[in-house]
Amino acid sequence: MTSIKEQAAISRLLSFLQDWDNAGKVARNHILNTFIKTNQGKTAPELEQEFSQGASLFLVRLTSWLRLIYMTGSCLDKLLKSIGIFLSAVSSNRYLIEFLEVGGILTLLEILGLEKIKEEDKKESIRLLQVIANSGRKYKELICESYGVRSIAEFLAKSKSEESQEEVQVLLDSLVHGNPKYQNQVYKGLIALLSCASPKAQQLSLQTLRTAQSIIGTTHPSIVDCVLKVLRTMHLEVQYEAIELIKDLVNYDVCQALLKGLVALLIPSVKETSKLQPEILNDPAVLQLTANLPVFLQQAAAAKAIGVLARSNTSIAEEMLHLRVVHSLMAAMGNMDHSNSQRQASLTLEYFVQTFPVVEEHVRKSMGEELYALFLSNAEDLYMKIDSIQADILAANKVNVSKALYTSGISYSRLSFYLGPPEENQLAYTTYFQKEDSEGKE
């Protein structure tokens, strides 16, 4: 037989549940407010004590109401916070299973994609998904199996709230840890996010990609192009994270492709630069936008990234010499349409000149004594001192340090691991320089 005290507790629970069942929207909102204030931070045993061992009876009512009203957004914030009290309680595995059995994950993911739902409610949905993901590997797998990565990534790309986006980053970071079955899915989702229009989403994705890359250990073929395209950004915080990721990626099998791509960006293609239509740019009524043309932003960022990589590792600097980086840097220094490209290229070239005597010799010869003296005196401010003729000399330079390195017997160091046996590399070099010589004779 139950004691009088227990009977009174059960009676209070039944009365509470009856009040909930009979309540309208306003009354239920008041009940939820009271529940949140009095039960925040309680453990599962404490919740059971509060509800006379019948807490699940209230949780099932909350989840049922969630499925009924989530598309309208009514009272959604209080409802999600109330469910969160159950799911985040210590020893709450029972509540978590009950929530998942009624399709809780799918409901939370659907909330992220609904346009009518407020940003704050979506953020609360993300927090509940964090709680679920942090509960263990099988729960992370359930989220991924419910097409969660796609829904979460799309929300990150479209969200206008930086606070919500940061919550998504925490969730994605959780999904990539301790989730071997689906960690590659998360990794690919992060790469896909690099092309989105939100600078904050790009920044957070780049940060999380660095973690994911170290966990997975292998690279996806598309990562090089995606990261290099991010360098077109005008947001310095995004550019910084992209360069940090590039610093990590040179330690993987995409090193050669990455270095080639960076050097290639120093000389934009004619197709890209032709977007500057003369008739538009010559119109005094039109604002001059060349400084922010994405291809020039990318050129400047590439010059900066090359400098960062070269200073951090002399071997990488040597490898880039074989890719004719000196020629390309000098060409970028001649781009009078974008001063930051000139500045970054000049600073990076200064390092190569100071580090490699063969570069110093070729650069001096190509620039001429007067221009070279200006360069040595202050490489960072050189772009402010040169005239159009000197800029043309830089842009049209024919410096080929790689040929001098080849003839002197210096070849790739680290990259032989990625490029194959030295004999194959030497054959490629020989063929390349024979072609160069024949073209010069013509």
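**A tour from the core to the charged pairs**

Select valine 325 to begin: beyond its neighbours within four places in sequence, valine 325 is in contact with Val263, Leu266, Ile306, Met320 and Phe352. The model is predicted. Val325 and Phe352 are among the residues with the most contacts inside the largest nonpolar core, which has 130 residues. Add Ile132, Val326, Leu349 and Met367 to complete that list.

Zoom out to the whole chain. The protein has 28 helices and 0 strands, and 49% of its 442 residues count as buried.

Next, select glutamate 241 in helix 15 (residues 236–249). What is the nearest side chain of opposite charge to glutamate 241? It is arginine 210, 4.8 Å away. A salt bridge requires a nitrogen-to-oxygen separation within 4 Å, and buried glutamate 241 has no salt bridge. Show Gln203, Leu206 and Gln207 as well, since glutamate 241 is in contact with them.

Now turn to the pairs that do qualify; the count comes to 20 salt bridges. Three stops follow.

- Arginine 61 and aspartate 21 meet at 3.0 Å, N to O. The pair links helix 4 (residues 55–69) to helix 1 (residues 4–22), 40 residues apart.
- Lysine 181 and glutamate 145 meet at 3.7 Å, N to O. Lysine 181 lies in the loop between helix 11 and helix 12 and glutamate 145 in helix 9, so the pair ties together parts 36 residues apart in sequence. Lysine 181 is exposed, at 51%, while glutamate 145 is partly exposed, at 40%.
- Glutamate 124 and arginine 127 meet at 3.5 Å, N to O, about one helical turn apart in helix 8. Glutamate 124 is buried; arginine 127 is partly exposed.

Finish by adding Glu120, Lys123, Glu163 and Glu167, which are linked with Glu124 and Arg127 in a network of salt bridges.

Notes:
Residues are numbered from 1 along each chain as its sequence is written. This is a predicted model: local features need pLDDT of at least 70, side-chain atom pairs count only at pLDDT 80 or more; totals for chains, interfaces and linings use all residues. Side-chain values use heavy atoms; hydrogens and water are left out. Helices (H or I, at least four residues) and strands (E, at least two) are DSSP runs, numbered from the N terminus. Buried means under 20% relative accessible area, exposed over 50%, partly exposed in between (1.4 Å probe, protein chains only). Lys and Arg count as positive and Asp and Glu as negative; His and the chain ends are not counted. Contact means heavy atoms within 4.5 Å. A nonpolar core is a set of buried Ala, Val, Leu, Ile, Met, Phe, Trp, Tyr and Cys residues joined through side-chain atoms within 4.5 Å.
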